[in-house]
Amino acid sequence: SFKTLHPAQQAVIDPLLAGEDIVLSSGTGSGKTEAVLAPLISRLWTSLHRNEKVRILYVSPTKALINDLLRRLELPIQSIDLRIGVRHGDRDDLSKVNKPDILLTTPESLDVLVSKKNPDIEGICAVILDEVHLFHNTQRGLQLSILLRKLAGLCSHRPQVAMLSATVANPKEITRFITGNEKSTGFYSFKSDRTIDAQIRQIQGSGGLAELMQKISGKFLVFANARRECERLASMLRDSTNLKDNTFLHYSSLSPEVRAKTEHDFAASRNAVCIATSTLELGIDIGDIDAIVLWGVPASLESFLQRIGRGNRRSKKVNVICLVPDDSAEPV
């Protein structure tokens, strides 16, 4: 689907074909998944078509992101006569007679597979770690690091590892933490060429958000830092604007079915607002966004970059509206 290869995609072809580990840092929407998956499929073409075991493992931090990846990748993978499947808490394609050649999973589901020494993963040749910055210096990342070492023992060889992120501050530190293989890992970093058009406004309480949404039309993704704040803002927009049927909520404690419906309905809408916590910081496809609205200060620089990276993915400019409520604990 790419008319030409992006620089990030071009750069990692040769090292991946040579079996090297890599860290690829490139902007949101730059095609990182395709950048690593296509060369790995090419390198492992013969073993993939033996239809015996999983050969490529794709580890992602959330089930929602995995489900979105499946929607994106299933048709092109099927078109080259391969199977892609999912293993997480809601779905287990390893239970099918025809096992997937490429498996999408979470660290927690991988833990189950490794602990049970599932024979379906004994032939894995390559592992892709998506949104790897979320695992750095965390208990979850430590768990993942241990699982990769145990997986190598099950496979009787060390799988090739490709790590992806839009916001890697120090790729060598991440590599040291996750794989311990920084000396023989290639690091490829590409800055985003999108400019940021930002407005910073002090605003009078939550009612100021309703006033702003009444003045402008389009599709807006609003990030708040707490579920309670998301609910409060959504309730206010539904009561005091014409967005009663076009205000959506997305956060982790909502059921998977509700979140999936929100993603689908918001992606299909043209004039709508979705209010989310960090659950939509990641690369789930919710269509093109006219502007990102930040309600308060994000928790970290990485979080800030992930959030604004969700906007205007098909253009060279990101529109960001930073709102500072008058009762904010961190107005500066």
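Begin with the sheet of this predicted model: select its 8 strands, which form an open sheet in the order β4-β3-β5-β2-β6-β7-β1-β8, with mixed pairing. Colour β4 (91–92) and β8 (185–190) separately; these are the edge strands, and each has a single partner strand, so one side of each is left without a neighbour in the sheet.

Next, select β6 (residues 126–129) and β7 (residues 160–165). The two strands run parallel and are joined by 4 bridges. To look at one residue pair here, show I128, whose bridge partner in β7 is A162.

Keep the sheet on screen and add helix α2 (residues 32–43). Helix α2 packs on the sheet, where it touches β1 (21–26), β2 (56–59), β5 (102–105), β6 and β7. Viewed against β7, the direction of helix α2 makes an angle of about 165°.

Now add helix α7 (residues 171–178). Which strands does helix α7 lie across? They are β1, β6, β7 and β8, and the helix runs at about 140° to β8.

The last stop is S145. Select helix α6 (residues 139–155), which contains this residue. Is S145 buried or exposed? S145 has a relative accessible area of 5%, and because buried means under 20%, the residue counts as buried.

Show the contacts of S145 beyond four places in sequence: they are F177 and I178. Both residues fall within the range of helix α7, residues 171–178. For a distance label, pick the C-alpha atoms of S145 and F177: these are 7.3 Å apart, although the residues are 32 positions apart along the chain.

Terms used
Residues numbered from 1 in each chain as written. Predicted model: local features only at pLDDT ≥ 70, side-chain atom pairs only at ≥ 80, totals over all residues. Heavy atoms only, no water. Buried < 20%, exposed > 50% of the residue type's maximum accessible area, 1.4 Å probe, protein only. Contact = heavy atoms within 4.5 Å. Pairing = 2+ DSSP bridges. Axes fitted to C-alpha atoms, helices over the stretch in contact; angles between N-to-C directions.
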